[in-house]
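Colleague: Got a minute to walk me through this one? I'd like to go over the helix packing and the odd backbone spots.

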Amino acid sequence: MIRVQSVAPDTLGAALGLIPGMELLAVNERDLEDFLDWEFLTADDQFVLKARLPSGQDVEYDIERPEGLPMGVTLEAPRIRRCANHCDFCFVDGNPLGLRQALYIRDDDYRLSFRYGNFATLTNLKPWDLARIVEYRLSPLYVSVHATDPVVRRWLLRNPEAEAIVPQLTWFAERGIQFHTQVVLVPGVNDGAQLARTLTDLYGIGGAVLSVSVVPVALTEFSKHSLVRQPTRDECRAAIATVDDVAQRALTERGSPWCYGADDLYLQAEQALPPAEWYGDFDQRENGVGSVRYLQTRIASARDQLGAGDWQGKHIGVVTGTAMGPLIPQIVADLTQITQAHFEILALENPLFGPSVTTAGLLPGKAVLAALQHRRDLDLALLPAESVNDDLRFMDDVEAHELAAQLPMPIKLSYDFADALTNEEVAV
Ligand code: SF4
């Protein structure tokens, strides 16, 4: 059963009289378990919908859907599939107390993997899920592989029941499902020869594995440091060398590098990032792979609009995490040249998670407030848009408008600078 949260006007759902709170029970006699059933089973031109009104009365709709008319129904949030693993490096264990409740949920949900690109391990799939992924063609999925050696993978996931991943991916590949995959690099466990084996095994599955990213493990001061540590500079360099070997082979044989180090891997290795062309369509940008080059590309393509903006001589603060601190000057140099504004980079340490958590997306609102509340010299501050959720709340539940009210300068949330400075993004 799924429940209606809202119905947009001028849609089929509104014309039928669907209302918030209504339970959607079945389409063509097939029970509705979640949003995937709803989306796929109502995609036909004709179907019969069984529903239950908030009053408890059952109703049935014989629906003929005019071409192009959306259902317009937003469903209540699905119940998230919980994770069956206990990784030593789990980000949930690394969370301090006092965050938004959702941040303590260990999700491992193939449905969110398909819909939103969340990485899932596929270790909690039931036969029904396997059939569903194939029937609905939930592709591409984003899969945390970590290691293809089954013993090493079970160790990393702390899950003795975890299925061997290569046969599992191969089974899906034979049925037309594709994957973007990641390896979280844990030194002494899945680096070195294990990393080489993992990349070779994934490459051997063929074209169904669309990409692999190698991401250095990220720990906070609350993580299980007695069990897992971050890679050293030289270990990151060795991992990049292994990635490059496979990438060169893929480039020759398949026309794209296929295998990528995360920006953070290059940063920790103190090596230059590959050029933008290396990343193709930036498929794993959301996973921190090619993010810097992507930003530079976005800025270059917005050059005309940025140049036409009235930014000359303005003093603009750019708030980010310490990870991007050393990388942002490359981006800001382009911006300065185009806009003639002065950009000041404010790379903030994360007081909530500790200094080892360096990503801008995990910055708490209180850290931003502390950094900006006395800065009367700034004409504008750009904040990382990925550090707030859909309700504009930071990790620590501070709301963006409430933050803005306490600051002496206007702020804008920005994904890529170009959005905020060309006024695509609304000021908070
Ligand atoms: S797979 Fe590992 S890292 Fe991911 S939620 Fe589960 S325990 Fe945490």
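**Ser211 and onward**

Modeller: Sure, and keep in mind that this is a predicted model. Ser211 has a relative accessibility of 2%, so this residue counts as buried.

Colleague: Which strand is Ser211 in?

Modeller: Ser211 sits in strand β9, which covers residues 209-216.

Colleague: And what does Ser211 touch, leaving out residues up to four places away in sequence?

Modeller: The contacts of Ser211 are Phe179, His180, Thr181, Trp258, Tyr260 and Gln284.

Colleague: How far is Ser211 from Arg303?

Modeller: Their C-alpha atoms are separated by 30 Å, and Ser211 and Arg303 are 92 residues apart along the chain.

Colleague: OK, on to helices. At what angle do α6 and α7 pack?

Modeller: The angle is about 20 degrees, with the axes of α6 (residues 165-173) and α7 (residues 192-205) 10 Å apart. An angle under 35 degrees counts as roughly parallel, so α6 and α7 are roughly parallel to each other.

Colleague: Is the crossing of α6 and α7 left-handed or right-handed?

Modeller: For α6 and α7 the crossing is right-handed.

Colleague: Which residues meet there, between α6 and α7?

Modeller: From α6 you have Val166, Leu169, Thr170 and Ala173, and these meet Asp201, Leu202 and Ile205 in α7. By type, the residues of this contact of α6 with α7 are five nonpolar, one polar and one charged.

Colleague: Let me stay on Asp201 for a second. Is Asp201 buried, exposed or partly exposed?

Modeller: Asp201 is partly exposed, since its relative accessible area is 24% and the buried class is for values under 20%.

Colleague: What does Asp201 touch if you don't count residues up to four places away in sequence?

Modeller: With that exclusion, Asp201 touches Thr148 and Val166. If you want a distance as well, Asp201 and Gly188 are 19 Å apart C-alpha to C-alpha, with their positions 13 residues apart in sequence.

Colleague: What about α7 and α8, what's the packing angle there?

Modeller: About 20 degrees, and the axes of α7 and helix α8 (residues 233-254) are 10 Å apart. So α7 and α8 are roughly parallel to each other, and their crossing is right-handed.

Colleague: Which residues of α7 and α8 meet?

Modeller: On the α7 side they are Leu195, Ala196, Leu199 and Tyr203. Their partners in α8 are Ala239, Thr242, Val243, Val246, Arg249, Ala250, Glu253 and Arg254. The residues of that contact of α7 with α8 divide into eight nonpolar, one polar and three charged.

Colleague: Switching to α13: which of its residues are buried?

Modeller: In α13 (residues 365-372) the buried ones are Gly365, Ala367, Val368, Leu369 and Leu372. The elements covering them include β11 (315-321), β12 (342-348), β13 (380-384) and α14 (400-405).

Colleague: Now a charged one. Is Arg111 buried or exposed?

Modeller: Buried, with a relative accessible area of 5% for Arg111. Arg111 is part of helix α3, residues 110-116.

Colleague: What surrounds Arg111, again without residues up to four places away in sequence?

Modeller: Arg111 touches Asp34, Phe35, Leu36, Pro78, Arg79, Ile80, Arg81 and Arg132.

Colleague: How many disulfides does the structure hold?

Modeller: Zero. Among the cysteines, Cys83 is partly exposed at 24% relative accessible area, and Cys87 counts as buried at 11%.

Colleague: Good. Next, backbone oddities: which residues does the cis peptide bond between a serine and Pro140 join?

Modeller: Ser139 and Pro140 are joined by a cis bond, with omega about 0 degrees. Pro140 is in the loop between α4 (127-135) and β7 (141-144).

Colleague: Why flag a cis bond or a positive phi at all?

Modeller: Because most peptide bonds are trans, and most residues other than glycine have a negative phi. Asp10 is one with a positive phi, about 60 degrees. Asp10 lies in the loop between β1 (2-7) and α1 (12-16) and is exposed, at 74% relative accessible area.

Colleague: And what's the phi of Gln340?

Modeller: Near 65 degrees, so positive in a residue other than glycine. Gln340 sits in the loop between α12 (328-339) and β12, and at 47% relative accessibility Gln340 counts as partly exposed.

Definitions and conventions. Residues are numbered from 1 along each chain as its sequence is written. This is a predicted model: local features need pLDDT of at least 70, side-chain atom pairs count only at pLDDT 80 or more; totals for chains, interfaces and linings use all residues. Side-chain values use heavy atoms; hydrogens and water are left out. Axes are lines fitted to C-alpha atoms, for helices over the stretch in contact, and angles run from 0 to 180 degrees between N-to-C directions. Helices (H or I, at least four residues) and strands (E, at least two) are DSSP runs, numbered from the N terminus. Angles under 35 degrees count as roughly parallel, over 145 as roughly antiparallel, 65 to 115 as roughly perpendicular and the rest as oblique. A crossing is left-handed if the near helix is turned anticlockwise from the far one by less than a right angle, and right-handed if clockwise. Contact means heavy atoms within 4.5 Å. Ala, Val, Leu, Ile, Met, Phe, Trp, Tyr, Cys and Pro count as nonpolar, Asp, Glu, Lys and Arg as charged, and the others, Gly among them, as polar. A disulfide is a pair of cysteine sulfur atoms within 2.5 Å. Buried means under 20% relative accessible area, exposed over 50%, partly exposed in between (1.4 Å probe, protein chains only).
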